[in-house]
Amino acid sequence: MLAGCSKENGAAEKVPELLEVSVNIPEVIQVNQEAVIQAAVTQGEEQVEDANEVKFEVKKAGQDTSEEMIGEHQGKGVYSITTTFQEAGTYSVTAHVTARGMHNMPTKEFKVE
């Protein structure tokens, strides 16, 4: 005799909440001064402490090349890099975050003075 699988009481599987990434950049970044760029990673109300990878891709507007840096876990779901910009201009940073089987890559633009 064969028996089939069924979900108990017809309950649907719970879909995991999406991975949210908020990129934080200082309001003013000066040429040749250190700047800290952060990514705050959450899933629902939970701070993600176990990201597989957090990489920051920094690119100056109008250039074809970019620089990638690995984010360091600071605690409370925050990952960061510290970098120095040699030239004034408009830049973008993309935080590539992989955690819990999901990937999110928000981009934020900023100016270096």
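A pocket, as the term is used here, is an open set of grid points with protein on both sides within 12 Å along at least five of seven lines. In this predicted model, the largest pocket holds about 220 Å³ of space. The protein has 10 strands and 0 helices, and of its 113 residues 32% count as buried. The briefing below covers the fold, the pocket, the nonpolar core, the salt bridges and two individual residues.

**Overall architecture**

- From the N terminus on, the elements run β-β-β-β-β-β-β-β-β-β.
- Among contacts between residues at least 6 apart in sequence, 60% join residues at least 24 apart.

**The largest pocket**

- The largest pocket has a volume of about 220 Å³.
- Its lining comprises 14 residues, and those closest to the pocket centre are Val58, Lys60, Glu67, Phe85 and Tyr91.
- Two or more lining residues come from each of the strands β4 (53–60), β5 (67–70) and β7 (78–84).
- Strand β4 gives the most to this lining, with 3 residues.
- By residue class, the lining divides into 6 polar, 4 charged and 4 nonpolar residues.
- Lys60, one of the residues closest to the pocket centre, also takes part in a salt bridge with glutamate 87.

**The nonpolar core**

- In soluble globular proteins, nonpolar side chains tend to be buried together.
- In this model the largest nonpolar core has 25 residues, and those with the most contacts inside it are Ile37, Phe56, Phe85, Val93 and Phe110.
- At least two core residues are supplied by each of β1 (19–24), β2, β4, β7, β8 and β10 (107–112).
- Strand β8 gives the most to this core, with 5 residues.
- Phe85 is among the residues with the most contacts inside the core, and Phe85 is also among the lining residues closest to the centre of the largest pocket.

**Salt bridges**

- Side chains of opposite charge can pair when their charged atoms come close.
- The model contains 4 salt bridges, including the three described here.
- Glutamate 46 and arginine 100 form a salt bridge with an N to O distance of 3.0 Å. Glutamate 46 belongs to strand β3 and arginine 100 to the loop between β8 (89–99) and β9 (102–104), so this pair ties together parts that are 54 residues apart in sequence.
- Glutamate 46 is partly exposed because its relative accessibility is 44%; arginine 100, at 29%, is likewise partly exposed.
- Aspartate 50 also forms a salt bridge with arginine 100, the closest N and O atoms being 3.0 Å apart. Aspartate 50 lies in the loop between β3 and β4, whereas arginine 100 lies in the loop between β8 and β9, so the pair links parts that are 50 residues apart in sequence.
- Aspartate 50 counts as partly exposed because its relative accessibility is 45%.
- Lysine 60 and glutamate 87 form a salt bridge in which the closest N and O atoms are 2.6 Å apart. Lysine 60 lies in strand β4 and glutamate 87 in the loop between β7 and β8, so the pair ties together parts that are 27 residues apart in sequence.
- Lysine 60 counts as buried because its relative accessibility is 17%, under the 20% cut-off. Its partner glutamate 87 is partly exposed, with a relative accessible area of 42%.
- Glu46, Asp50 and Arg100 are joined into one network by salt bridges that share partners.

**Asparagine 52**

- Asparagine 52 is located in the loop between β3 (46–47) and β4.
- Asparagine 52 counts as exposed because its relative accessibility is 61%, over the 50% cut-off.
- Apart from its neighbours within four places in sequence, asparagine 52 is in contact with Thr98, Ala99 and Arg100.
- The C-alpha atoms of asparagine 52 and arginine 100 are separated by 7.7 Å, although these residues lie 48 residues apart along the chain.

**Alanine 39**

- Alanine 39 is part of strand β2 (residues 34–43).
- Alanine 39 counts as buried because its relative accessibility is 0%.
- Beyond its neighbours within four places in sequence, alanine 39 is in contact with Val21, Ser22, Phe56, Gly77, Val78, Tyr79 and Ala95. Of these contacts, Phe56 is also among the residues with the most contacts inside the largest nonpolar core.
- Alanine 39 and threonine 94 lie 55 residues apart along the chain, with their C-alpha atoms separated by 9.7 Å.

Key:
Residues numbered from 1 in each chain as written. Predicted model: local features only at pLDDT ≥ 70, side-chain atom pairs only at ≥ 80, totals over all residues. Heavy atoms only, no water. 1 Å grid on protein atoms, 1.4 Å probe; cavity = no way out; pocket = protein on both sides within 12 Å on 5 of 7 lines; lining within 4 Å. Points joined across faces, edges and corners; volume = space filled by probe spheres on them. Helix = DSSP H or I, 4+ residues; strand = E, 2+ residues; numbered from the N terminus. Nonpolar A, V, L, I, M, F, W, Y, C, P; charged D, E, K, R; others polar. Buried < 20%, exposed > 50% of the residue type's maximum accessible area, 1.4 Å probe, protein only. Contact = heavy atoms within 4.5 Å. Salt bridge = Lys/Arg side-chain N within 4 Å of Asp/Glu carboxyl O. Core = buried A, V, L, I, M, F, W, Y, C linked by side-chain atoms within 4.5 Å.
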